[in-house]
Amino acid sequence: MRRISRITVAGAATASLALALSACGGTSTSSSSASKGDKGLAIAYDVGGKGDQSFNDAAYAGLEKAKKEFGYETADVEPTEGETDADKEQRLASLAKQGYNPVIGVGYAYAAAVKGAAEKFPDTTFGIVDDATIEAENVADLVFSEEQASYLAGVAAAKATKTKTVGFVGGVDIPLIHKFQAGFEQGVKDTDPKVKVLPQYLTQTAEEGGFSSPDKGKTAAEGQIEKKADVVYAAAGLSGQGVIEAAAANKVWAIGVDSDQYQQEALAKYKDYILTSAMKDVAKAVYNLAKSVEDGKPETGIVRGDLKTGEVSLSNSNPKFADDAELQEAIETAKEKIISGEIKVKSS
């Protein structure tokens, strides 16, 4: 259930944000239809930043939709290398101070920063993607049942493999990514117990580049392909591009994550080898929070997207995937059973 509370929308600010954010890679954009100089949604990116063709780009899509619909000024800010929680909090506080509302930290790494900034600016709505630990009247925890989409990805992998071996590449060895692995492995095994899953994590911490190193992803996928994996699922942010590149080079299937990676321009030359993507609609979650603030009824508390709400899913962009009747039937059957509760998907 969504817990809704009313808070005052932060007042419009007249100072330009561009100079203030230049030191931390920020940008601000305005719409000519914003007649009063009102400032709306601002997002601060996770590791990998804009252009990751995945998680962060999905958040940006939500920002762009809000900007277009509400005609207000928006801002999106890049992370910096080696930054601390204090740096993140200062970034969020700067956005709130200058009138942006809501302000969203994209990624669990913003938990401490969102908590601190929200305490300092109680009249601003804050959001955090992929963290459910913050309990505050002006914070929305935007989380997803990634394990459910990953289960369906496992069904697809088990149906698509010819070698009876598939791979999972996780960016960082943390509970969030364990959800992807758990759902994927369960989906594979429930579909065909004879299929072997090869799991591998790129790093122990995000600071080591697990979510931002395509070369690490490529090397991991190549190792799994050498062990006969002919479908590789990556939950690794920007590093997943390397997994997709390796799959295409070896003419095996890759399964993308978060965004529909078959449709990503930067991955166009590999798309014939992207079977599907396990998506979570970060764009919708970001947009919905902005709309709730615009409507004067800001979302707060845990706001969860799952198969039932349609905020996690598998993409159907690849015709070879969409037109495979047997595969689609298996996925639809599994989806219905998850929604009904007949299948309980593990999250660890």
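The exercises below work through a predicted model of one protein chain.

**Exercise 1. Confidence and overall make-up**

Task: State the mean pLDDT of the protein chain and find where pLDDT stays under 50.

Solution.
- Step 1. The mean pLDDT of the protein chain is 89. A value of 70 or more is reached by 89% of its residues.
- Step 2. Residues 1-37 are the stretch where pLDDT stays under 50. The model has 88 contacts beyond four places in sequence for this stretch.
- Step 3. Turn to secondary structure. The protein chain has eleven helices and 14 strands.
- Step 4. Of its 348 residues, 58% count as buried.
- Step 5. Take the contacts between residues at least 6 apart in sequence. Of these, 71% join residues at least 24 apart.

**Exercise 2. A stacked pair and its surroundings**

Task: Describe the geometry of the aromatic pair formed by Phe70 and Tyr287, then place both residues in the chain.

Solution.
- Step 1. The count of aromatic pairs comes to six. Phe70 and Tyr287 form one that is stacked, with 5.9 Å centre to centre and 5 degrees between the planes. Planes under 30 degrees apart count as stacked, so the label follows from the angle.
- Step 2. Phe70 belongs to helix H2 (residues 55-70) and Tyr287 to helix H9 (residues 282-294), so the pair ties together parts that are 217 residues apart in sequence.
- Step 3. Check burial. The limit for buried is under 20% relative accessible area. Phe70 has 17% relative accessibility, so Phe70 counts as buried. Tyr287 has 7%, so Tyr287 is buried too.
- Step 4. Look for charges over rings. The charged end of Lys65 sits over the ring of Tyr287, 4.2 Å from its centre. Elsewhere, the charged end of Lys50 sits over the ring of Tyr60, 4.2 Å from that ring's centre.
- Step 5. Add Glu294, which lies in helix H9. Its relative accessibility is 42%, so Glu294 counts as partly exposed.
- Step 6. Leaving aside neighbours within four places in sequence, Glu294 is in contact with Phe70 and Tyr72. Glu294 and Ala66 are 228 residues apart in sequence, and their C-alpha atoms are 9.6 Å apart in space.

**Exercise 3. An edge-to-face pair and a ring cluster**

Task: Classify the pair formed by Phe168 and Tyr201, and list the rings of the cluster that includes Phe168.

Solution.
- Step 1. The pair is edge-to-face: 6.0 Å centre to centre, 70 degrees between the planes. An angle over 60 degrees counts as edge-to-face, so the label holds.
- Step 2. Phe168 is in strand E8 (residues 165-172) and Tyr201 in strand E9 (residues 196-203). They are 33 residues apart, and the pair links distant parts of the chain.
- Step 3. Phe168 has a relative accessible area of 0%, so Phe168 is buried.
- Step 4. Ring pairs link Phe168, Phe184, Tyr201 and Tyr233 into a cluster.
- Step 5. Phe184 is among the buried residues of helix H6 (residues 175-191). H6 has 17 residues and reaches 24 Å from its first C-alpha to its last, close to the 24 Å expected at 1.5 Å a residue.
- Step 6. Gln224 touches Phe168 as well. Its other contacts beyond four places in sequence include Gly167, Val169, Leu198 and Gln200. Gln224 lies in helix H7 (residues 214-226). Its relative accessible area is 3%, so Gln224 is buried.

**Exercise 4. Strand E7**

Task: Determine how many residues of strand E7 (residues 139-144) are buried, and identify the strands that E7 joins by bridges.

Solution.
- Step 1. Six of the six residues of E7 are buried.
- Step 2. Sort them by direction. Val139, Asp141 and Val143 point one way, while Ala140, Leu142 and Phe144 point the other way.
- Step 3. Strand E6 (residues 126-129) runs parallel to E7, and four bridges join the two. Phe126 has Val139 as its bridge partner in E7.
- Step 4. Strand E13 (residues 299-305) also runs parallel to E7, joined by five bridges. Val143 stands opposite Arg304 in E13.
- Step 5. Find a helix that packs here. The buried residues of helix H4 (residues 111-120) pack against helix H3 (85-97), strand E5 (103-105), E6 and E7. Those residues are Ala111, Ala113, Val114, Gly116, Ala117 and Ala118.

Technical notes. Residues numbered from 1 in each chain as written. Predicted model: local features only at pLDDT ≥ 70, side-chain atom pairs only at ≥ 80, totals over all residues. Heavy atoms only, no water. pLDDT = per-residue confidence, 0-100. Contact = heavy atoms within 4.5 Å. Phe/Tyr/Trp six-rings, centres within 6.5 Å; stacked < 30°, edge-to-face > 60°. Buried < 20%, exposed > 50% of the residue type's maximum accessible area, 1.4 Å probe, protein only. Lys NZ or Arg CZ within 6 Å of the ring centre and 35° of its normal. Pairing = 2+ DSSP bridges. Expected span 1.5 Å × (residues − 1).
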